[in-house]
Amino acid sequence: MAEAMTLNRFILSTEHRHPGATGEFSALLSHIALAAKVIQREVSHAGLVDVLGATGAVNVQGEEVKKLDVFAHEAMIRMFQYPGLLCTMASEEEKDIIPIPEGFPLGKYILNFDPLDGSSNIDANVNIGTIFSVHRRRSQSGPGTPEDCMQPGTEQVCAGYVLYGTSTMLVFTTGDGVHGFTLDPSVGEFLLSHQDIRIPKRGSIYSTNEGNYHLWPDGTRRYIDRLKTIDKAKNLPYKARYIGSLVADFHRTLLYGGIFLYPADSKSPKGKLRLLYEAAPLAMICERAGGAASTGSERILEIQPEGLHQRVPLIIGSADDVAEAERYIQGKE
Ligand code: P6P
């Protein structure tokens, strides 16, 4: 059996492809992997040590905060406040950007992250995930600024997620392919398990919360209706799969193909999902794997963010499926 490729060996082996790589970027990825292991340890025995249940606090999204949310948020901050890799960071759990403490070195990157997405599923032991997005700072010096965090997705230097499920996987791209690593808890290493992931050009699964059907605009409803018609020649109907945990629904879409939609509706006209630390990183991964990601009318990666917690509609998955959804949503079909 070929020797296992650890995440650190993989990062170092690809470092030469980034001219001027100073090792800081490699260190940043290694720190994300370490944070993932720390969070995974807590997630894996959440049901045993009464970590489940709410803290009673409410986060900036107005959502009840589960203890694991707080733990993951704090684990990410602790991991990055001191090593001098970042000049600031932004989290779903914090209204404003999170500064690097006075007296600690500032780095040239920023990190946007959703520490534990899908947290409403924690008590049901459904897969949950961490999503992260890395940019180079734009400001010249000193503490990072909100503008450093609010860059278009096309400027990301790295995007990825951690999926805490039957096994713990770290999937990321630095622009040169999408690669998946599976945690071997016996040695505490992420081992390369999915090199150069490619999403099928068209799939046969759609994933959306159909409970919102009557809130959707006409084009969205007609698109989903089409996927449910019976037409063997067109490989219809598609299968419906919805976990309600973004990282899990996206990971399945990335591996199997098809489409995930959290479209705009009359209740959430700007959509529900967050641009900076949900839609944009997943969009970079999907495009680098050969797929597409859209609001239904524009490419996710080209949106200029106007707020740290800006919401966007998200239509993401196989290129042909996303293109077809866009035609229906735009009334062209
Ligand atoms: P709904 C989980 O709360 C989350 O933020 C995403 O992980 C998921 O895709 C979405 O919300 C589910 O939303 O409205 O279907 O429950």
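**View 1. Contacts across the chain.** Of the contacts in the chain (heavy atoms within 4.5 Å) with a separation of 6 or more, 62% are between residues 24 or more positions apart. This is a predicted model, in which local features need pLDDT of at least 70, side-chain atom pairs count only at pLDDT 80 or more, and totals for chains, interfaces and linings use all residues. Residues are numbered from 1 along each chain as its sequence is written, and side-chain values use heavy atoms, with hydrogens and water left out.

**View 2. The overall fold.** Look here for 8 helices and 17 strands, which are DSSP runs numbered from the N terminus (helices: H or I, at least four residues; strands: E, at least two). The C-alpha trace spans about 60 × 50 × 45 Å along its principal axes. Of the 333 residues, 55% are buried, meaning under 20% relative accessible area with a 1.4 Å probe, protein chains only.

**View 3. The largest nonpolar core.** A nonpolar core is a set of buried Ala, Val, Leu, Ile, Met, Phe, Trp, Tyr and Cys residues joined through side-chain atoms within 4.5 Å. This one has 42 residues, and Phe80, Met89, Leu111, Leu116, Phe132, Val134 and Phe172 touch the most other members. Helix α2 (residues 24-44) gives the most to this core, with 9 residues.

**View 4. Around Met89.** Leaving aside residues up to four places away in sequence, Met89 touches Ile77, Phe80, Gln81, Ile97, Ile98, Ile100, Leu111, Phe113 and Cys149.

**View 5. Another core.** Apart from the largest core lies another, of 33 residues, including Ala159, Leu254, Leu273 and Ala283.

Terms used
Buried means under 20% relative accessible area, exposed over 50%, partly exposed in between (1.4 Å probe, protein chains only).
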